[in-house]
Structures are given as C-alpha cells and as structure tokens.
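Trainee: I should like to go through this model with you, one question at a time. Please give the reasoning before each result.

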Amino acid sequence: MDGSDGYNINKSITIKVLMIFLVLACLVLSFYCIKMNNLFLKYKVKYDNECAQAMIIMKSNQSLSIRERMARDENKMLAESLNKQYNALKQENEKIKKEINELKQNRKKIEEQNNELLKDNLELQKSLKKAASVGLTPQSYKIYNSESLTNSNIKKEYIGKFLGTAYTPSVEECGNNKGITSSGHPIIPGVSVAIDKKHWPYGTIFYIKGLGYAIAMDTGSAIKGKNRFDFAVFDKNFAKALGNQYYDVYLVKMGNGKIDTSILG
C-alpha cells in the first residue's frame with residue numbers, strides 16, 4: 001500500500017466520521033427543534049388563552065366602564081332632582097315660616113285689640129253702672145252708617161286725656177228749650193259733645209273710652225281748651241253721676257265745620 005492509498009483511506013474515514021457527526025448533529029437538532037416546537041406550541045396555547053382571557057377582561061372592563069358612566073349620569077340626575085326638590089322644600093318652608101310669623105303678628109294684633117276692647121268694655125260698664133244707679137237704660141252710641149265704627153280696622157289716634165263733664169238738653173244747660181246745639185243741630189244724647197271750637201271744628205268724631213263714639217256738635221262758655229269736652233246725656237242725675245273726670249280720648253275723624261247727619265244712625 002503506497003502513501004496515496006493511505007491518504008484515501010484516511011480521507012474516507014474522515015468523511016464517514018463527519019457524516020456520522022452531521023447525522024448525529026441533525027438528529028440532535030431535530031430533537032431540539034421538536035422540543036422547541038412543542039414548547040412553542042405550549043406557550044402559544046397559553047398565550048392564546050391569556051389573550052382570550054385578556055379580551056374577556058377588557059370587554060368586561062368596557063361594560064363596567066359603561067355601567068359606571070351610566071350610574072354616574074343617573075347619580076348626577078338624581079342629585080339635580082334632589083337639589084331642586086330641596087330648594088322647592090326650602091322655599092316652601094320659608095313661605096310657611098313667613099305665614100306663621102304673619103299669623104303670630106295677626107294673633108298678637110288681635111290679642112292687643114281684644115285687650116283694648118276689654119278695657120273699653122270695662123270703662124263702658126262703669127258708665128253703664130252709673131246710668132243704672134240713677135235708673136237709666138243704656139243710651140245709643142251707634143253712628144257712622146257709611147263705615148261702622150265698631151269695626152276694629154277703624155284707625156283711632158290717641159290724643160290724650162281730656163277733662164269731661166256731662167250736660168242735658170235743658171233750658172238751663174242748653175240755652176234754649178228746643179235742645180238745639182250751637183251748630184244748629186238737635187242734641188243727640190249719648191253722641192253729641194261740646195268742645196272748644198278753637199281746637200276742634202264741628203263734625204269732628206271722637207272715641208271717648210268709657211262713653212263711646214261722639215261728634216263735636218256744640219260748645220259752651222265753660223268748655224275751654226283743647227283737652228276739654230262736655231258730653232250730652234238725657235238725665236241730670238246721670239250727668240251728676242258722671243261728674244268731672246278724665247277720659248282717654250281718640251281722634252277718629254277731623255271735622256270740617258259741618259255736621260254730616262247722614263253718618264248718624
């Protein structure tokens with residue numbers, strides 16, 4: 001065997017070894033490829049499952065987001081509705097409070113009027129007792145047909161305490177036997193009152209606590225000053241029983257110098 005044959009043999013062996021090595025390498029690579037493919041398929045399935053779950057979660061989140069937005073809008077509408085109702089109730093409450101305050105004020109006003117009427121009644125009862133003590137029945141105080149003076153809404157201005165006396169339509173006290181006042185009108189007992197013309201014109205209407213409503217229709221030499229009057233009654237004994245005393249006097253209507261008989265009842 002020469003050197004050429006030995007070289008060929010070595011070459012052949014080397015080629016065979018390389019082929020075997022390549023086959024083994026291919027087998028190993030194939031094995032790893034199969035392993036990697038299986039691993040890839042495994043992770044691909046896992047990835048696909050996770051993606052599917054992520055899509056489900058995303059859709060669920062979208063649905064929850066829509067529901068949350070709807071709930072937020074509903075809460076906003078409910079809050080606006082409740083706010084409107086609250087404001088309406090607040091206004092109604094303020095209105096009721098105002099009405100209650102008005103009722104309280106009206107009640108207080110009525111109580112004051114009732115107290116004033118009670119005081120007036122007490123004063124009138126005193127005068128009626130004096131009339132009864134001399135055998136007289138109560139005299140009429142009803143006047144002012146166009147607007148009843150018994151109405152509590154009639155405005156009366158307190159003008160002070162007046163010294164009051166009483167007189168009758170007699171010749172001695174009236175100056176004539178016809179019972180005519182200096183204004184030219186007949187005396188009306190229980191209504192006519194003599195005043196000082198310098199301060200009160202004829203036709204002036206007073207309210208005298210304890211005597212009632214009176215009209216300035218007469219005057220007299222003894223009646224001087226702003227806070228002075230002489231009240232006309234029927235009976236001399238009643239006039240004496242009234243005597244001289246101070247009365248609380250209220251101005252109802254200032255006269256114009258004339259007696260308006262249409263207001264007498």
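Trainee: How many disulfides does the count come to?

Mentor: The model is a predicted one. A disulfide is a covalent bond between the sulfur atoms of two cysteines. Cys26 illustrates the outcome: the closest cysteine sulfur, in Cys33, is 9.8 Å away, which is too far for a bond because a disulfide requires sulfur atoms within 2.5 Å. By this rule the number of disulfides is zero.

Trainee: Is Cys26 buried, partly exposed or exposed?

Mentor: The relative accessibility of Cys26 is 46%. The partly exposed class lies between the limits of 20% and 50%, so Cys26 counts as partly exposed.

Trainee: How many salt bridges does a search of the whole structure find?

Mentor: One pairs the side chains of Glu68 and Arg72, at 3.8 Å from N to O. Another pairs the side chains of Asp248 and Lys161, at 3.0 Å from N to O. For the whole structure, the search result is two.

Trainee: In which element do Glu68 and Arg72 both lie?

Mentor: These residues are four apart, about one turn of the helix. Arg72 has a relative accessible area of 46% and is therefore partly exposed. Both Glu68 and Arg72 belong to helix 1.

Trainee: How many residues apart are Asp248 and Lys161, whose side chains meet in a salt bridge?

Mentor: The side chains of Asp248 and Lys161 meet at 3.0 Å, N to O. This pair links distant parts of the chain, with Asp248 in strand 6 (residues 245-253) and Lys161 in strand 1 (residues 157-167). Their separation is 87 residues.

Trainee: Which class, buried or partly exposed, applies to Asp248?

Mentor: Lys161, the partner of Asp248 in the salt bridge, is partly exposed at 46% relative accessibility. Asp248 has a relative accessibility of 18%, and the limit for burial is under 20%, so Asp248 counts as buried.

Trainee: What accessible area do Ile20, Val23, Leu24 and Leu27 have together?

Mentor: These four residues form a nonpolar patch on the surface. Val23, one of them, is found in helix 1 (residues 3-133) and is partly exposed at 46% relative accessibility. Together, the accessible area of the patch is about 380 Å².

Trainee: What distance separates the C-alpha atoms of Pro169 and Phe234?

Mentor: Pro169 is found in the loop between strand 1 and helix 2 (171-174), and its relative accessible area of 29% makes it partly exposed. Along the chain, Pro169 and Phe234 are 65 residues apart. Their C-alpha atoms are separated by 7.0 Å.

Methods: Residues numbered from 1 in each chain as written. Predicted model: local features only at pLDDT ≥ 70, side-chain atom pairs only at ≥ 80, totals over all residues. Heavy atoms only, no water. Patch = residues over 30% accessible without salt bridge, like charges linked within 9 Å, V, L, I, M, F, W, Y side chains within 5 Å. Areas by Shrake-Rupley, 256 points an atom, 1.4 Å probe, with all protein chains shown as cover. Helix = DSSP H or I, 4+ residues; strand = E, 2+ residues; numbered from the N terminus. Buried < 20%, exposed > 50% of the residue type's maximum accessible area, 1.4 Å probe, protein only.
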